[in-house]
Amino acid sequence: MVEHQTCSIASAVEQGTIVLSRLSDSAKLDSQLLLAFALNKSVTYLLTWPENSLSAEEFITFQYLLKRRVNGEPIAYIVEEKEFWSLPFKVSPVTLIPRPDTEILVEQVLSLYADKPDTAIHCLDLGTGTGAIALALASEQPNWQIEAIDYSAEVVALAQENAKRLAVNKIELAQVKIYPSNWFEQVSKKVKFEVIVSNPPYIDKQDKHLSQGDVKFEPKSALVADNNGLGDIKHIAKQARHYLADGGYLLFEHGFEQTAGVQKILLELGYQQIKTIQDLAGHDRVTQALWLNRKI
């Protein structure tokens with residue numbers, strides 16, 4: 001690990017980069033983020049004052065954070081924050097870390113009403129986690145009323161905290177209602193939603209990737225689903241028909257090998273205009289479908 005001996009910020013970043021280079025493709029950035037967290041400063045501060053020295057206590061804290069990262073713990077869990085949709089979200093091991101791929105889901109929801117910017121839309125986010133999808137949508141669409149649910153009280157509290165933190169930005173607290181529910185159990189049938197969106201658990205419990213990388217530190221309940229990963233998607237698609245407005249849309253994030261299975265579920269349940277959108281890597285990532293009300 002890094003040796004102290006009046007270690008400067010620049011030296012600490014450099015030596016931390018060396019330590020982390022064996023396990024991270026972004027070793028320097030990781031080192032900077034960990035050191036900034038240890039000092040309770042921004043990365044900009046590190047770049048502005050590289051000659052400043054660490055105190056012994058700061059140095060010990062930095063070493064401890066480096067050790068956690070060397071052991072594979074995700075940076076986001078260590079520094080307790082992750083940016084999503086250019087918004088800073090507090091994260092914790094009670095739920096998943098927001099990922100860039102999920103921004104495709106946000107983009108696709110927004111595109112559905114891009115030509116109707118002033119339309120008052122009711123949107124439901126199922127399995128909200130940190131609140132990333134719901135709050136990203138709220139930041140872009142101040143006229144929308146958004147409900148966001150999660151089954152875990154701890155996760156709901158985290159999402160509510162993020163809503164309060166981001167309320168100083170473009171998000172009005174009254175615009176987003178976050179509450180506990182096991183999927184639709186506590187969602188009122190009196191409201192019909194123009195959009196229901198979800199990034200549900202969709203990984204098969206036998207998937208080898210569950211023991212690799214950041215995923216091994218994340219809660220399995222937010223990752224794993226029955227029926228080859230399609231169990232929750234099928235449950236949501238079936239129940240959503242009772243909550244969608246006529247002409248409303250259902251959108252899922254899913255694995256790139258699950259497209260055929262997801263489309264089959266939606267088709268058999270009576271959804272129309274089913275299409276799948278790829279992520280920036282060219283992998284199938286989001287599937288959307290239109291619901292036209294009829295007797296179920």
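A helix, as the word is used in this tour, is a DSSP run of H or I that is at least four residues long, and helices are numbered from the N terminus. One such run is helix α6, residues 103-112, and L112 has its place there. Keep in mind throughout that this is a predicted model.

**The whole protein**

Begin with everything shown, and colour by secondary structure: the protein comes to 10 helices and 9 strands. Of its 296 residues, 50% count as buried, and the accessible surface comes to about 14,700 Å², of which 50% belongs to carbon and sulfur atoms. Among contacts between residues at least 6 apart in sequence, 66% join residues at least 24 apart.

**First stop: helices α1 and α2**

Select residues 9-20, which are helix α1, together with residues 27-39, which are helix α2; their axes come within 8 Å and cross at roughly 130 degrees. An angle from 115 to 145 degrees falls in the range called oblique, and α1 and α2 are therefore oblique to each other. The crossing of these two helices is right-handed. To see where they meet, show the side chains of I9, A12, V13, G16, T17 and L20 in α1, and then those of their counterparts in α2, among them A27, D30, S31, L34 and L35. An α-helix has 3.6 residues a turn, so residues three or four places apart point the same way.

**Second stop: two residues with positive phi**

Most residues other than glycine have a negative phi. Now select E80, in the loop between α5 (75-79) and β1 (81-84), where phi is near 65 degrees, a positive value in a residue other than glycine. Then move to W85, in the loop between β1 and β2 (87-90), which also has a positive phi, of about 55 degrees, although it is not a glycine. Are these two residues buried, partly exposed or exposed? E80 has 41% relative accessibility and so counts as partly exposed, whereas W85, at 16%, counts as buried, because buried means under 20% relative accessible area.

**Third stop: the sheet**

Hide the rest and display the strands of the open sheet, where 7 strands follow one another in the order β5-β4-β3-β6-β7-β9-β8 with mixed pairing. Which strands stand at the edges? They are β5 (176-180) and β8 (272-278), each of which has a single partner strand, so one side of each is left without a neighbour in the sheet. Direction ignored, neighbouring strands of this sheet are turned by 15 degrees against each other on average.

Next, centre the view on β6, residues 193-198, which runs parallel to β7, residues 244-253, and is joined to it by 5 bridges. On the other pairing to examine, β3 and β6 are also parallel, over 4 bridges. Some residue pairs can be picked out one by one: V195 stands opposite Y249 in β7, while S198 in β6 is the bridge partner of L126 and stands opposite F252 in β7. In β6, 5 of the 6 residues are buried, so this strand is largely enclosed by the rest of the structure. In a regular strand the side chains alternate between the two faces of the sheet.

**Fourth stop: helices on the sheet**

Bring back helix α7, residues 132-140, which packs on the sheet and touches β3 (122-126), β4 (145-150), β5 and β6, with its direction making about 170 degrees with that of β4. How many of the residues of α7 are buried? The helix is mostly covered, with 8 of its 9 residues buried, including A132, I133, L135, L137 and S139. Then add helix α9, residues 231-240, which lies across β3, β6 and β7 and runs at about 170 degrees to β7.

**Last stop: L112**

Finish by selecting L112, in helix α6, which is buried, with a relative accessible area of 16%. Which residues does L112 contact when its neighbours within four places in sequence are left aside? They are Y249, L251 and Q288. Y249, already met opposite V195, is 137 residues from L112 along the chain, yet the C-alpha atoms of the two are separated by 8.7 Å.

Technical notes
Residues numbered from 1 in each chain as written. Predicted model: local features only at pLDDT ≥ 70, side-chain atom pairs only at ≥ 80, totals over all residues. Heavy atoms only, no water. Pairing = 2+ DSSP bridges. Axes fitted to C-alpha atoms, helices over the stretch in contact; angles between N-to-C directions. Contact = heavy atoms within 4.5 Å. Buried < 20%, exposed > 50% of the residue type's maximum accessible area, 1.4 Å probe, protein only. Areas by Shrake-Rupley, 256 points an atom, 1.4 Å probe, with all protein chains shown as cover. Parallel < 35°, antiparallel > 145°, perpendicular 65-115°, else oblique. Left-handed = near helix turned anticlockwise from the far one by under 90°.
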